[in-house]
Amino acid sequence: MSPPATEPGYDFPLDDFQRRAIAALDEGNSVLVAAPTGSGKTVVAEHAVADTLARGGKIFYTTPIKALSNQKFADFARRWGVERVGLLTGDTARNGDAPVVVMTTEVLRNMIYAASPTLDGLRYVVLDEVHYLQDTYRGPVWEEVIIHLAPEVRLVCLSATVSNAEEVSAWISTVRGPTAAVIEERRPVELHNLYLLAERGSSRLQLFPTLVGGRPNPDVVRLEASVERGPRHRGNGRSAGRPGRRLVTPRRYEVAELLADEAMLPAICFVFSRAGCDQAVLQCLDAGLRLTTAEERRRIRAICDERTGALAGADLEALGWARWMAGMEAGLASHHAGMVPPFKEAVEACFVAGLVKLVFATETLALGINMPARAVVIEKLTKFGGERHQTLTAGEYTQLTGRAGRRGIDEVGHAIVLWSPFLSFDEVAALVSNRSHPIFSSFRPTYNMASNLVRRYSAGEAHHLLNLSFAQYQADGEVVGMEARLQRLGRRLIKARAEVTCDRGDAGELFELQRRLDRARSSRPSVGHQTEDALARLRPGDVVWVTGGKSAGPAAVLSATVRRGGAQLRVLTPKRRRLTLGSADFAEVPEALAHIELPRPYAPNSPGFQRAVASSLARSRVGRPRVRQRHPDPEVDELALAVADHPAQACPDVDGHRRAWAQAERLEAEVAGIKARVKGRSDTLARTFDRVLGVLESWGYLDGWSLTTAGERLGRIYHECDLLIATCVEEGVFDGLDPPALAALASVFSFEARGRSEPAAPWFPSTELRRRWAAIEAVLGRLVAAEGRAGLPVTRALDPGFVGLAHAWASGDDLDEILDDEDLSGGDFVRTMKQLIDLLRQLGEVAPSAATAASARAAADRLYRGVVEASSTIGPVDEIDEDERLAASADDR
């Protein structure tokens, strides 16, 4: 039997699902293609591109992330020519009037609301990773695009395999007209699901098929039953298994060695922790694992040098270049959001070229980026979801393992799950065999969305459009789930309230008093804050008074530095003792009592320099300053006394009560929110929209069904804190600040600390910035109260933890100085800076004060430098060698 003929434009035969999708487009329909990763969904989009180029007009290809947009731009530019392909993201605008433009989905949504002339002549929109519409924050953007695009534009929706693809396509058909659902469940490369475990005291790993005949492998079931599982199921820490044998999770370097021995490389090992990914590479290196030849190491270094060439030497050192390169040259790498884009791009390029053989990655790698492997390893099937550990869903498992098996290269792919004490084998097998993973809408009206609907449509049209959302389509079946959620939350709330109960006194009253005290103190400029400001004003040569200890007396300031943790002084005493002092070392606000000239050249480590400074200090005859009297604050003093004397303070478990109280408060807020949504469930999205309109009208953004001037500005602010930012603009909170200060203040809307239950104490470069932050908090408090009264989800809390870093970077400080002693990765720094730049550029467009707008634009320009600029730049689209082209395109075939 002869092989199928190839299609025009392709050097391989198309699969049946690809032919069906292309036929649907040729018949004038939109199409939703749901197929496994690596099956070749992109071929359908490429057909739409070819059709557009042949007939004229435009096609937009949208992706959920900038990295995927950059990759698609490079792929399309190589195929159709740089002059015919453009790129529009928050970082880059290149050839935006081209007939083929790749962009993030938010860029297209913003174009639609702005009625951009770039939309003229648009024939197709490709929505890649359309299952992303279930993302809590960004998902609604996909629905906005689907609803508001001009009716003549056809959609090509590409999705991972989901079990309700017909429901999604039926909804799109309702909104936009005929939309064919083309579903392919068969993987292009057969997948073998495997289970890997080890026994304590044994160096041999045991690898089993997870399923036998579609059921849990009986050999593993018997093995688990015969051994101890460790502290999991029984209160005494043991199971009924045979004493002395215990299963353990294989070590990472052992897994790597097994993959190499079993010819399962290249592989991706998913570790749901950035630190865990980095540690895995170091553990493999420490075990002596090396997976590359001398020639491969040479090519790896060349790729890494090219990808990171825009970074300065000092920046590379601050980002851990040497440690990273040691892993890369050994064929080992980590890949996670904590890395700067040039490092991640080098890892991707080396992996696709077959040079890096094993990548330890977080789940962010599963989204879109073209990195197929022979094997995928999942270290554990649970991950931390913000408050508690959660088991992966069937959809998440399918997404992660979709990279296993390279089409045209591998006959089979391998998905390996490691034994874990936190999940039984039966639970693992159930997840592997589960084929049900539907997507659900996360759509909800936002203040920005509401203002744009008012601007573009009548009231009746706006309400009708909201009722066309996928959320409304699914809403009827949602109430049962919410009621069940309320029952579970109610049980947790009863337990938390019980744990707050204290036999020494009313612990809840104590914590409420403490909260009132903290708020009262934060609203006043404290001695600690005044001390920080005073330290920041001191200059080399100033003389200060040091209190306590052997070094009490005058001291000359050698240097004053400002970090996120606070200001620090390096001083020299008359006895030539060098000290490092912070705000905690001063009982009173320090002041410059005198000033001496420091010797030149400045050489603080030189004994001669120190003798000269000590001599000048002795001649200055500075005396101890008088102690200032503290002004009483009756409210703070009364609250502090009530907290200190509260009987619950004496409880030995007061910290446990405090944690339970905080948990109860969070649960009460969640319960109240769900009850407001369930209320009668005559509640539709349109009614929620009416509540949003009510808030906007009471806050002066609407006048009936017309936007005020402030409402027009709100419609141009695209941010999850849109109304809060707009109100701060209207109240002049950003006015009168220089670019570094404005960048610092705006960062409170962009930064969110990772993994902290309590944020670190913020540091403010000036008293004025602290005052502006207090003004933002006051606006947020009013807004949250208004949202609570309206029964709307409340705007999230803000985090001022990036203020000092943003101010320093905008002031020109070096990366190594900024990241020194900071619990912040280079990737988080770059990502937060990019988000901050985007917000500042928006402020530069909407601020009514010309001076504020100019300062915002200047601040964005100051932040866009060094590692931030290098992480945003798209290089020229060069030719790549044939081996790399085939590896890169294998996923599309």
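In the predicted model, S69 touches T63, L87, T89, V102, M103 and T104 when residues up to four places away in sequence are not counted. The residue belongs to helix 3, which spans residues 66–80. With a relative accessible area of 0%, S69 is buried, since the threshold for burial is a value under 20%. One of the partners of S69 is also linked to it through polar atoms: the side chains of S69 and T63 form a polar contact of 2.5 Å.

The eight-stranded sheet is open, and its pairing is mixed. Its strands follow the order 4-3-5-2-6-7-1-8. Strand 4 (93–94) and strand 8 (179–183) form the edges, each pairing on one side only. Within this order, strand 7 stands between strand 6 and strand 1.

Strand 7 comprises residues 154–159, and six of its six residues are buried, so the strand is largely enclosed by the rest of the structure. This burial extends to both faces of the strand. On one side lie R154, V156 and L158, and on the other L155, C157 and S159, all of them buried.

The pairing of strand 7 with its two neighbours is parallel in each case, as shown by its bridges to strand 1 and to strand 6. Strand 1, formed by residues 30–34, is joined to strand 7 by four bridges. In this pairing V33 stands opposite L158, while A34 has S159 as its bridge partner. Both of these strand 7 residues are buried, L158 on one side of the strand and S159 on the other. Strand 6, formed by residues 122–127, likewise pairs with strand 7 over four bridges. Here the bridge partner of L127 is C157, a buried residue of strand 7 that shares its side with L155 and S159. The connection between strands 6 and 7 passes through helix 5 (residues 140–148), and the resulting β-α-β crossover is right-handed.

A second buried position was examined in strand 24, which covers residues 578–581 and includes L581. The relative accessibility of L581 is 7%, so this residue counts as buried. Beyond neighbours within four places in sequence, L581 is in contact with V546, A567, Q568, L569, V571 and F586. The C-alpha atom of L581 is separated by 9.6 Å from that of A560, a residue 21 places away along the chain.

Several backbone features were also identified. Most residues other than glycine have a negative phi, and most peptide bonds are trans. Two cis peptide bonds may be described against this background. The bond joining L265 and P266 is cis, with omega about 5°. P266 is found in the loop that runs between helix 8 (252–261) and strand 14 (267–270). The peptide bond from R600 to P601 is also cis, and its omega is near 0°. P601 is located in the loop between strand 25 (594–595) and helix 22 (607–619).

Positive phi values occur at A115, where phi is about 50°, and at A263, where phi is about 55°; neither A115 nor A263 is a glycine. A115 lies in the loop that connects helix 4 (105–114) with strand 6. Its relative accessibility of 57% means that A115 counts as exposed. A263 is placed in the loop between helix 8 and strand 14, the loop that also holds P266. A relative accessible area of 48% makes A263 partly exposed, because the exposed class requires a value over 50%.

The confidence of the prediction varies along the chain. The protein chain averages a pLDDT of 85, and 88% of the residues score at least 70. Over residues 1–6, however, the pLDDT is below 50, and this stretch has six contacts in the model beyond near neighbours in sequence. The pLDDT is also below 50 over residues 877–893, a stretch with 34 contacts beyond near neighbours in sequence. Where pLDDT is low, the predicted coordinates should not be read in detail.

Note on methods:
Residues numbered from 1 in each chain as written. Predicted model: local features only at pLDDT ≥ 70, side-chain atom pairs only at ≥ 80, totals over all residues. Heavy atoms only, no water. Buried < 20%, exposed > 50% of the residue type's maximum accessible area, 1.4 Å probe, protein only. Pairing = 2+ DSSP bridges. Right-handed = clockwise from strand over helix to strand, strands pointing away. pLDDT = per-residue confidence, 0-100. Contact = heavy atoms within 4.5 Å. Polar contact = N/O pair within 3.5 Å; in protein donor to acceptor, adjacent residues only side chain to side chain.
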